[in-house]
Amino acid sequence: MLPSNQTSWRKANLTCKIAIDNLEKAELLQGGDLLRQRKTTKESLAQTSSTITESLMGISRMMAQQVQQSEEAMQSLVTSSRTILDANEEFKSMSGTIQLGRKLITKYNRRELTDKLLIFLALALFLATVLYIVKKRLFPFL
């Protein structure tokens with residue numbers, strides 16, 4: 001924005017200079033009363049000078065606004081960068097927790113399979129024992 005503001009200021013300055021030069025040329029070509037021309041020239045110069053001053057003040061205000069907006073944008077970027085970094089750190093810690101959870105679930109699945117197998121073997125042993133006892137009581141001679 002600063003280069004465009006500088007360009008606007010230069011254009012306004014150049015336009016005013018060209019306008020002053022054209023007025024002076026026109027007055028020189030018209031001739032007439034020299035005192036009246038000087039008075040008119042001084043008045044037009046004063047008016048042109050005040051116009052230029054107002055234009056420059058407007059450009060200065062625009063530049064100040066742009067600087068303020070840039071500062072606000074920079075502050076916003078710093079804040080959002082901090083937020084993103086904090087979120088990244090939190091996701092890294094969550095990633096470690098998730099990996100630990102995955103390992104524990106895998107371990108518990110293996111233990112569940114082992115427990116089922118042991119329960120099945122214990123049940124088979126129990127049934128075999130019950131059948132053995134029933135066989136010995138009902139058929140003692142076998």
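Start by selecting Ile20, Leu23, Glu24, Glu27, Thr41, Ser44 and Leu45: these residues line the largest cavity of this predicted model. Show them as sticks and look at the space they enclose. The largest cavity holds about 30 Å³, and the count of cavities of 30 Å³ or more comes to 1. Now colour the lining by residue class, and you should find 3 nonpolar, 2 polar and 2 charged residues.

Next, colour by helix. Which helices supply at least two residues each to this lining? They are H1 (2–30) and H2. Helix H1 gives the most, with 4 residues.

From here, follow helix H2, which covers 34–138, and stop at Arg61, found in that helix. Is Arg61 buried or exposed? With a relative accessible area of 52%, Arg61 counts as exposed, because the cut-off for that class is over 50%. Keep Arg61 selected, add Thr114, and draw a distance between their C-alpha atoms. The two residues are 53 apart along the chain, and your viewer should report a separation of 79 Å.

Stay around that end of your distance line and pick Lys116 and Glu112. Their side chains meet in a salt bridge, at 3.7 Å from N to O. As a general point, side chains of opposite charge can pair when their charged atoms come close. How many salt bridges does the structure hold? The total is 1, so a display of salt bridges under the 4 Å nitrogen-to-oxygen cut-off should bring up this pair. Both partners lie in helix H2, 4 residues apart, or about one turn of the helix. Switch on a surface to see how they sit: Lys116 is exposed at 54% relative accessibility, whereas Glu112 is partly exposed at 41%.

For the last stop, select Leu123, Phe126, Leu127, Val130, Val134, Leu138, Phe139, Phe141 and Leu142. Together these residues make a nonpolar surface patch of about 930 Å². A surface coloured by residue type will help you trace it.

Finally, zoom in on one member of the patch, Phe141. Where is Phe141 placed relative to helix H2? Phe141 sits in the segment after that helix, which spans 34–138. Why does Phe141 count as exposed? The reason is its relative accessible area of 67%, since exposed means over 50%.

Notes:
Residues numbered from 1 in each chain as written. Predicted model: local features only at pLDDT ≥ 70, side-chain atom pairs only at ≥ 80, totals over all residues. Heavy atoms only, no water. Patch = residues over 30% accessible without salt bridge, like charges linked within 9 Å, V, L, I, M, F, W, Y side chains within 5 Å. Areas by Shrake-Rupley, 256 points an atom, 1.4 Å probe, with all protein chains shown as cover. Buried < 20%, exposed > 50% of the residue type's maximum accessible area, 1.4 Å probe, protein only. 1 Å grid on protein atoms, 1.4 Å probe; cavity = no way out; pocket = protein on both sides within 12 Å on 5 of 7 lines; lining within 4 Å. Points joined across faces, edges and corners; volume = space filled by probe spheres on them. Nonpolar A, V, L, I, M, F, W, Y, C, P; charged D, E, K, R; others polar.
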